[in-house]
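Let's take a walk through a protein model together, starting with the overall layout and ending at the surface. Keep the structure open beside the text as you read.

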Amino acid sequence: MSCDLLPTDVPGPHYRGSMFDVIDYPWDLLIAHPPCTHLSVSGSRHFKAKRIDGRQQAAVSFFMQIVRRSEHIKRVAIENPVCIMSSLWRKPDQIIQPWMFGHGETKATCLWLKNLPMLRPTDVVDGREERIHRMPPSADRWKLRSETYAGIAQAMADQWGGEVEVER
């Protein structure tokens, strides 16, 4: 499984190499979004084939490498949709929805947290549209389905990315 990051959709600095090349740096906070393609229960009908050819095992291994390799980082959040990691590793600390952060859609998103508070909803909206679930086939469907909602990202930045106490 590749651990290279995708190109950025917005201008600015964006590291594109393996996260494991830089994970040993003394980071204050890690918010990881490992690929969910072979883990998410929305694709459970393909699990047998993914186990046979090793894609699922590689995805589980990648997820767990993040867990192990981030042990030195004080604050960690790992994000993924409802997936098999809840039974293979542990239950998530929190499950959030886009509609809790200003987006009128459903997409249950799990957060496994270390030394971080639960993410507080910032803008609960009506709607509850299943847009992601009903997205038609396309060449970039996988990428569109995996995008992080801006409201969720902003809440993470505002609530978790504040001033960090420097240990001396």
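The paragraphs below go from the fold to the cores, then to one helix, the salt bridges and a few surface spots.

Please keep in mind that this is a predicted model. The protein has five helices and four strands, and if you follow the chain from its start, they come in the order β-α-α-β-α-β-β-α-α. Of its 168 residues, 37% count as buried. The accessible surface adds up to about 10400 Å², with carbon and sulfur atoms supplying 54% of it. Sequence-distant pairings are well represented: among contacts with a separation of 6 or more, 60% are between residues 24 or more positions apart.

Now let's look inside. The largest nonpolar core holds 21 residues, and the members that touch the most others are Leu30, Leu39, Phe63, Ile66, Ile78, Met85 and Trp112. Two or more residues each come from strand 1 (29-32), helix 2 (55-69), strand 2 and strand 4 (109-114). Helix 2 gives the largest share, seven residues. There is also a second, separate core, made of 13 residues, with Ala77, Leu113, Ile152 and Ala155 among them.

Leu30 is a good residue to click on. Setting aside residues up to four places away in sequence, Leu30 touches Ile23, Ile66, Ser70, Ile73, Arg75, Val76 and Ala77. One of these partners, Ala77, belongs to the second core, while Ile66 is listed with Leu30 among the best-connected members of the largest one.

Helix 2 deserves a closer look of its own. How does the distance between its end C-alpha atoms agree with the expected span? At 1.5 Å a residue, the 15 residues of helix 2 should span 21 Å, and the end C-alpha atoms are indeed 21 Å apart, so the two values agree. The buried residues of this helix include Gln56, Ala59, Val60, Phe62, Phe63, Met64, Ile66 and Val67.

Arg69 also lies in helix 2, but with 31% relative accessibility this residue counts as partly exposed, because the buried class stops at under 20%. Beyond its neighbours within four places in sequence, Arg69 is in contact with Phe20, Ile23 and Asp24. What joins the side chains of Asp24 and Arg69? They meet in a salt bridge, at 3.3 Å from N to O. Asp24 sits in the segment before strand 1 and Arg69 in helix 2, so the pair ties together parts that are 45 residues apart in sequence. From C-alpha to C-alpha, Arg69 and Asp24 are 7.6 Å apart. Asp24 itself counts as exposed, at 53% relative accessibility.

Side chains of opposite charge can pair when their charged atoms come close. The model has three salt bridges in total. Besides the one just described, Asp53 pairs with Arg55, with the closest N and O atoms 2.7 Å apart. Both partners are partly exposed: Asp53 has 47% relative accessibility and Arg55 has 33%. Arg90 and Asp93 form another salt bridge, where the closest N and O atoms are 3.1 Å apart. Here too the partners are partly exposed, with 29% relative accessibility for Arg90 and 30% for Asp93.

Let's finish among the loops and the surface. Lys74 is placed in the loop between helix 2 and strand 2, and a relative accessible area of 47% makes Lys74 partly exposed. The C-alpha atom of Lys74 is 8.0 Å from that of Trp27, although the two residues are 47 positions apart along the chain.

In the loop between strand 2 (75-81) and helix 3 (85-88) you will find Val82, which is partly exposed at 33% relative accessibility. Together with Val41 and Ile95, Val82 forms a nonpolar patch on the surface, and the three have about 220 Å² of accessible area together.

Which backbone angle is worth checking at Asn115? Most residues other than glycine have a negative phi. Asn115 is not a glycine, yet has a positive phi of about 55°. Asn115 is found in the loop between strand 4 and helix 4 (141-146), and counts as exposed, with 54% relative accessibility.

How values were computed:
Residues are numbered from 1 along each chain as its sequence is written. This is a predicted model: local features need pLDDT of at least 70, side-chain atom pairs count only at pLDDT 80 or more; totals for chains, interfaces and linings use all residues. Side-chain values use heavy atoms; hydrogens and water are left out. Patches are made of residues with over 30% relative accessible area and no salt bridge: like charges are joined within 9 Å, nonpolar side chains (Val, Leu, Ile, Met, Phe, Trp, Tyr) within 5 Å. Accessible areas come from the Shrake-Rupley method with a 1.4 Å probe; for residues, only the protein chains shown count as cover. A salt bridge is a side-chain nitrogen of Lys or Arg within 4 Å of a carboxyl oxygen of Asp or Glu. Buried means under 20% relative accessible area, exposed over 50%, partly exposed in between (1.4 Å probe, protein chains only). A nonpolar core is a set of buried Ala, Val, Leu, Ile, Met, Phe, Trp, Tyr and Cys residues joined through side-chain atoms within 4.5 Å. Contact means heavy atoms within 4.5 Å. The expected span of a helix is 1.5 Å times one less than its number of residues.
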